[in-house]
Amino acid sequence: MTMMTHIPILQAEGLTRRFGGLTAVNGVDLSLALHQIHAVIGTNGAGKSTLINMLSGELPPSAGRLQLQGQDVTGWTQHKLARHGIGRSYQRNNIFLPLTVRENCRLAAQSRAQRAWRLWEPAQACRTSRALADEAMERAGLAAQAARLASELAHGQKRQLEVAMCLATQPVALLLDEPLAGMGAEESARMLDLLRGLRDGHAILLVEHDMEAVFAVADRITVMVNGTVIASGDPAAIRANAEVQLAYLGEEEGAHA
Amino acid sequence: MQPNSSAPPSPSLQDLQDVRRPPWLAALGWIAALAVLAIAPLVLTADSHKFYIELLSKVMIMAIFALSLQLLIGYTGLVSLGHAAYFAVAAYATAMLAPEGGPGNGWLLMLGALGAAAALALVVGALVLRTRGVYFIMVTLAFAQMVYFVFHDTKIAGGSDGTYIYFRPEFNVLRERPLTVNDPVQFYWLVLAALVVAVAALAVLLRSRFGHALVGIRHNEQRMRAAGYATYRYQLGAFVAGGVVAGLAGYLYAIQFGFVNPEIASWHQSGNAMLMVILGGVGSLAGAVLGAFSFVLLAEWFSTLTRHWQLLMGGFIIVAVALLPRGLVSVPAVLRQRAPRRRRNGNAQAAAQASDADARSREAV
């Protein structure tokens, strides 16, 4: 598909996280390339969420290195990584429920133009954040909902807002934690369209339980079992991989949470 | 893509619009309150009215104090139970910096008082903001107790007896003769001006990018970090701002009573401010002012009725919080909500209740 333009954006080497005696993620190598959707799959407890937490800086790794566009960013704080182009969405809805859709996006976008000391300027007068918010809502298909409160949205729209807030910060790497969680068929189809549209211009990490969706959109798939990568390759290779079939695909998939 | 397809316009939307407090009502409330406060000294002119003028000054000082705590509790989500420390440090700074031989310069003393409160808030905030939840509450209280005992158990400023300010400061305004605040009415105008400045400053702060970010942090700190905000710095900024406004109240208190003692740093003082905020309504500047007025005036009234007035006060607060969980500031909204509900057979009740929090948070932004 886009095999000839492998521009690495976010690279993890030997990323490891231990919680006491438990090693949740063990020596994971991962590379996210521009214009690619890289899916990470694995059963519950495989370490996918811990991995995404380390990539976004929410959790410091116990060992390993992280590079963002060629720069060593190991140990950077989450907000610093975010300002340097890493955007993440959450598995649970993690939006500002009492605020409007527009303000949700505008607040996220405001992180690009914080200027917190300009106390006399109304936030609503910040053109940068408003423009970024409008663009993000448009891309995520929420422009018509801009004035509604986030709490009034349908579940699928809340998931879209989750992604829109991520986009509003103009990330170059998008880390999406189960964007399809709890969605119906129609909502899922819409979200997948959105993800395909985001492929250009972003390096996307997709953690997802819905196998059908993963194989439909991913350019590359990494399979994790017990914190370790057991296979990584294009969808066809993963489908054919005997070890993956044994460890994961052969098992009966429970209903995605 | 049809973004609307899965969300047909629900009938509850109209109800939501009904419940939200319209901006004109809030503006009208502020103007009416200011008018009443500005007219009061023109009406209460008799000598026997001095008591009321002084009482209103005291109430307005407590309103400034409650406003400062509202910034932390209602907008930043920081439940500080040690807010009296900044009030007290500013009051003590005023007393200790005031010259003993004559009236001091009011502006310089204010600068010293606010500076002391800011410095303490910066140091304490830098430490306590590393904790969360109930630990934050306990640690803020612990620091305030430390301040209390420093004033109580050391020889600084008279120890447990406190210390006096012998001359009220003067304020130089545009080269004319300095304004004095020796008369209760003069002092009343000074406090009213300070209250107006405090409300206006906080309102401007809250509409700024900084203010919006604080509200975002209150609702969801994790998401704000993920979006690229150094939330700790924002919270520290809010903590210092809250300390400075509390310092303004402490400064005015010291001038009004000409006397400071360790009791103003006690946890009762912090607790009272929190009660004012809760009574008036969390997340609303008007709520802090309303809460301070009702709390201080009721305490004054109850204490004329019985020696056990604190029992009455406690009972009142329990009833008020039970009937008005969003505080006194929500009375208009509750009334507006009641009227149509009767006509519509109570159908919209659930939707209206759900929108309560929304309406409040909207006002917050």
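Mentor: Domain bounds here come from an automatic or database domain assignment. Keep in mind too that this is a predicted model. On that footing, chain B is divided into domain 1 (49-323) and domain 2 (331-365).

Trainee: How far apart do the C-alpha centres of domain 1 and domain 2 of chain B lie?

Mentor: They are 32 Å apart. Chain A gets its own split: domain 1 (7-85 + 171-257) and domain 2 (95-115 + 122-169). There the C-alpha centres lie 25 Å apart.

Trainee: What makes the two domains of chain A count as touching, and how many residues are in contact?

Mentor: Contact requires C-beta atoms, placed from the backbone, within 7 Å of each other. By that test, 13 residues of domain 1 of chain A are in contact with 10 residues of domain 2 of chain A. On the domain 1 side, α2 (78-83), β7 (173-177) and α6 (185-198) of chain A each supply at least two residues. The most comes from α6(A), with four residues. By class, that domain 1 side has eight nonpolar, two polar and three charged residues.

Trainee: Let's move to the sheet in chain A. Which strands are called edge strands, and why?

Mentor: The sheet is open, has six strands and mixed pairing, and runs β6-β7-β8-β3-β9-β10 (chain A). An edge strand pairs on one side only, and that fits β6 (86-89) and β10 (228-233) of chain A. From one strand to the next, the twist averages 15 degrees.

Trainee: How do you know that β3(A) and β9(A) are paired, and which way do they run?

Mentor: Pairing needs at least two bridges found by DSSP. Strand β3 (residues 36-42) and strand β9 (residues 220-225) of chain A are joined by five bridges and run parallel, so they pass. Look at A:Val40, which stands opposite A:Thr222 in β9(A). Likewise, A:Gly42 has A:Met224 of β9(A) as its bridge partner.

Trainee: And β9(A) with β10(A): how many bridges, and parallel or antiparallel?

Mentor: Five bridges again join β9(A) to β10(A), but these strands run antiparallel. A:Met224 faces A:Val229 in β10(A), and A:Val225 is bridged to A:Thr228. The two strands form a hairpin with two residues between them, where A:Asn226 takes a positive phi near 50 degrees.

Trainee: Why is β9(A) described as largely enclosed by the rest of the structure?

Mentor: The cut-off for a buried residue is 20 or more other C-beta atoms within 10 Å of its own. Five of the six residues of β9(A) are buried, so the description holds.

Trainee: What lies across β6 and β7 of chain A, and at what angle to β6(A)?

Mentor: That's helix α5 (residues 155-168) of chain A, running at about 170 degrees to β6(A).

Trainee: Over to chain B. How many helices and strands are there?

Mentor: Chain B has 15 helices and four strands. Of its 365 residues, 45% count as buried. Residues 24 or more positions apart make up 78% of the chain B contacts with a separation of 6 or more.

Trainee: What do we call the arrangement of α3(B) and α10(B), and why?

Mentor: The axes of helix α3 (residues 50-76) of chain B and α10(B) come within 9 Å and cross at roughly 170 degrees. Over 145 degrees counts as roughly antiparallel, and therefore that is the name for this pair. Among the residues making the contact are B:Ile61, B:Phe65 and B:Leu72 of α3(B) and B:Phe239, B:Val245 and B:Leu252 of α10(B). The contact residues divide into 16 nonpolar, six polar and one charged.

Trainee: Last one: how many residues does each chain give to the contact between chain A and chain B?

Mentor: Chain B gives 31 residues and chain A gives 40 residues. On the chain B side, the elements giving two or more residues are α7 (184-207), α8 (209-219), α9 (221-227), α10 (231-257) and α15 (349-364). The largest share, seven residues, belongs to α8(B).

Trainee: What is the make-up of that chain B side by class?

Mentor: It has 14 nonpolar, 12 polar and five charged residues. Watch how the classes work here: Gly counts as polar.

Definitions and conventions. Residues numbered from 1 in each chain as written. Chains lettered and ligands numbered in written order. Predicted model: local features only at pLDDT ≥ 70, side-chain atom pairs only at ≥ 80, totals over all residues. Axes fitted to C-alpha atoms, helices over the stretch in contact; angles between N-to-C directions. Buried ≥ 20, exposed ≤ 12 C-beta atoms within 10 Å, placed from the backbone. Parallel < 35°, antiparallel > 145°, perpendicular 65-115°, else oblique.
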